[in-house]
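Subject: Structure for your files

Hello,

Please find the structure below. My notes on it come after.

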Amino acid sequence: MTVIRRQEPATETSAAGGLSGPESEVHAGVGKRLASIRQRYTGGRRLLVEALIHAGRPLTVTEILDVRPALPPSTAYRNLAVLEQATAVRRVQLSGEFSRYELSEELTRHHHHLVCVDCGSVVDVTAPARLEDDVTVAAKEVAAATGFRLESHRLDLIGHCQACS
Ligand SMILES: [Zn+2]
Ligand SMILES: [Zn+2]
């Protein structure tokens with residue numbers, strides 16, 4: 001008699017990069033989003049997603065290639081564009097520097113960024129519930145006053161990181 005066992009992923013961590021669930025859920029979510037635009041979850045795309053999961057902060061393409069040197073730059077750019085089109089990855093546009101990429105919040109969790117104006121470092125930060133509540137209430141007021149249909153908010157804190165202070 002043959003027993004077929006389900007293959008478990010070698011590394012399963014819920015702590016990596018501030019995810020709200022296991023890493024396999026992120027990959028499943030990415031795969032679903034790619035499938036919705038008739039794209040496959042190729043090995044190259046998986047490497048990009050893994051780099052973003054483990055960084056836990058928005059990365060420039062240069063930083064991605066530093067941790068995944070096996071990826072040719074042209075492949076990285078092309079696949080990031082596809083992942084962005086599939087809404088699995090979001091391009092983070094911060095003051096006049098290179099674009100950074102992060103996983104969509106629906107695949108990770110809601111967060112904000114600390115942006116250092118000196119060294120350009122960008123760090124993910126989860127805001128206290130009090131701040132989220134206040135921002136949500138204020139945003140709803142603005143939406144009601146302007147007839148805007150609110151979906152979410154983005155809020156980056158700009159300043160000087162500990163190393164640069
Ligand atoms: Zn800094
Ligand atoms: Zn927020």
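What follows covers one helix and the core it packs into.

This is a predicted model, in which local features need pLDDT of at least 70 and side-chain atom pairs count only at pLDDT 80 or more, while totals for chains, interfaces and linings use all residues. Residues are numbered from 1 along each chain as its sequence is written, and chains are lettered from A and ligands numbered from 1 in the order in which they are written.

Helices (H or I, at least four residues) and strands (E, at least two) are DSSP runs, numbered from the N terminus. Helix 4 covers residues 73-85, and its end C-alpha atoms are 18 Å apart, which agrees with the 18 Å expected for 13 residues (1.5 Å times one less than the number of residues).

Ala 76, Asn 79, Leu 80 and Leu 83 of helix 4 are buried (20 or more other C-beta atoms within 10 Å of the residue's own; exposed is 12 or fewer, partly exposed in between; C-beta atoms are placed from the backbone). These buried residues fall within an arc of 110° seen down the axis, so they line one face of helix 4 (the arc is that of the directions from the helix axis to the C-beta atoms). The face turned away carries the exposed Ser 74, Tyr 77 and Ala 81. Just after helix 4, Thr 87 has a positive phi of about 55°.

The largest nonpolar core (buried Ala, Val, Leu, Ile, Met, Phe, Trp, Tyr and Cys joined through C-beta atoms within 7 Å) has 20 residues. Helix 2 gives the most to this core, with five residues.

Regards
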